[in-house]
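Please open the model in a viewer and keep the sequence panel visible. The tour proceeds by selection, with a note at each stop on what is to be found there.

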Amino acid sequence: MKDFAGRVAVVTGAGSGFGREFAKMGHALGMKLVLADIQRDALDDTLAELRTAGAQAIGEVVDVAKSEQVRHLADRAYAEFGAVHLLFNNAGVAGGGLVWENTDKDWHWVLGVNLMGVVHGIHHFVPRMLEANRRGEPGHIVNTASIAGFLCPPLMGVYNVSKHAVVALTETLYHDLALAKSTIGTSVLCPAFVPTGIAASERNRPAELARDRELTVSMRLAQAQSEKAVSSGRMSAAEVAQITFDAIRAERFYVFTHDKILAAVEARFDAVLARQAPADPFASNPRVKPTPT
Ligand SMILES: NC(=O)c1ccc[n+]([C@@H]2O[C@H](COP(=O)([O-])OP(=O)(O)OC[C@H]3O[C@@H](n4cnc5c(N)ncnc54)[C@H](O)[C@@H]3O)[C@@H](O)[C@H]2O)c1
């Protein structure tokens, strides 16, 4: 997709961080916007800022982990604008700790948002985007994974699993769309640490999945590590949005934002192919490596 003006973008997690910047950049390029977030005040803030700037934008409070809410979002997008060209399955949350200490509720929450949120976006939007694509309409889908979709740092097991799954899902989507002879583009966004609200994800944890026991030592360590790594990130969310829109224009599938960390990805694949033990995921960034307790 090269031309954005007059076209329609859907962004989940639009209240903060990357999602908010995708929405701002979409507006700057003349797109109509359908914005979703679980956090009403954050969503309203983004909507107010964009409408003041003259955007044609609608907003919907959506928990992407709930299929029927994402279906409603799609229904509303098509009812309001008649089309969706660019879909950002971006909403996400982070949780950590030693994997044997994470509870069922931790897994359900993080996988529900990070993985099932993307699954629901694909399920409810892609058939309608495909139908339009057969009539010549362009389309592109960006799924936000993470460099944690290619690396497996300790104390981040639940998040790593969710993001590896998003990479697998998006690669499969790419092949499925080719099989269906579609020209809809796909990208998987894989940033390293960027200052956003991600280290404070618990703010949007639903009551039914609320933590049912105290944080363990490892969970507190993971939280501190995540806060330190995210806040020390030097790239801004706006720069990530710029890189992402450039990738959409260039039809680039893998969207890496931090080139230096790719050395760790290469080391991981080298170790896999050499049948060695997993390589050090922090080789390129020892500053954020947790110390053994
Ligand atoms: N910031 C980073 O360092 C980083 C790095 C790699 C990947 N990511 C990924 O980027 C994406 C965006 O995160 P961010 O960094 O902008 O964080 P953020 O917290 O600033 O934004 C995430 C948004 O998602 C919303 N959200 C949370 N749960 C939701 C749900 N169930 N339904 C709908 N919306 C929900 C939040 O309210 C928030 O507005 C996530 O998928 C995250 O995993 C972030």
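Select F256 to begin. In this predicted model, F256 has 18 C-beta neighbours inside 10 Å and therefore counts as partly exposed, since a buried residue would need 20 or more. The residue belongs to strand 7. Add C190 and L262 to the selection: these are the contacts of F256 once its neighbours within four places in sequence are left aside. Next, display P191, which is 65 residues away from F256 along the chain; the two C-alpha atoms are nonetheless separated by 5.8 Å.

From strand 7 (254–256), move to helix 7, whose buried residues pack against that strand. They also pack against helix 1, strand 5 and strand 6 (185–190). To view this face, select A237, V240, A241, T244, F245, A247 and I248, the buried residues of helix 7. These residues cover an arc of only 155° around the axis, which places them on the same side of helix 7. The general background is that an α-helix has 3.6 residues a turn, so residues three or four places apart point the same way.

Now measure along helix 7 from end to end. At 1.5 Å a residue, its 13 residues should span 18 Å, and the end C-alpha atoms, 19 Å apart, agree with this. Beyond the helix, stop at E251, which follows helix 7 and has a positive phi, near 55°.

Select helix 1 (residues 17–28) next. Its twelve residues should span 16 Å at 1.5 Å a residue, in agreement with the 17 Å between its end C-alpha atoms. How many of the twelve residues of helix 1 are buried? Ten are, so the helix is largely enclosed by the rest of the structure. Colour G17, F18, G19, R20, E21, F22, A23, K24, G26 and H27 to see the buried residues. Their packing partners include strand 1 (8–12), strand 2 (32–37) and helix 2 (40–52). Strand 4 (86–89), strand 5 (140–144) and helix 7 (237–249) are also among the elements against which they pack. After helix 1 comes G30, with a positive phi near 85°.

For the last stop, display the ligand and the residues around it. Helix 1 contributes three residues, the largest share of this shell. Of the 32 residues around the ligand, those that come nearest are G13, G17, G92, T196 and G197. Colouring the shell by class shows 14 nonpolar, 16 polar and two charged residues. G17 links this stop to the previous one: it is among the residues nearest the ligand and is also one of the buried residues of helix 1.

Methods. Residues are numbered from 1 along each chain as its sequence is written. This is a predicted model: local features need pLDDT of at least 70, side-chain atom pairs count only at pLDDT 80 or more; totals for chains, interfaces and linings use all residues. Helices (H or I, at least four residues) and strands (E, at least two) are DSSP runs, numbered from the N terminus. The expected span of a helix is 1.5 Å times one less than its number of residues. Two residues are in contact if their C-beta atoms, placed from the backbone, lie within 7 Å. A residue is near a molecule or strand if its C-beta atom, placed from the backbone, lies within 6 Å of it. Ala, Val, Leu, Ile, Met, Phe, Trp, Tyr, Cys and Pro count as nonpolar, Asp, Glu, Lys and Arg as charged, and the others, Gly among them, as polar. The arc is that of the directions from the helix axis to the C-beta atoms.
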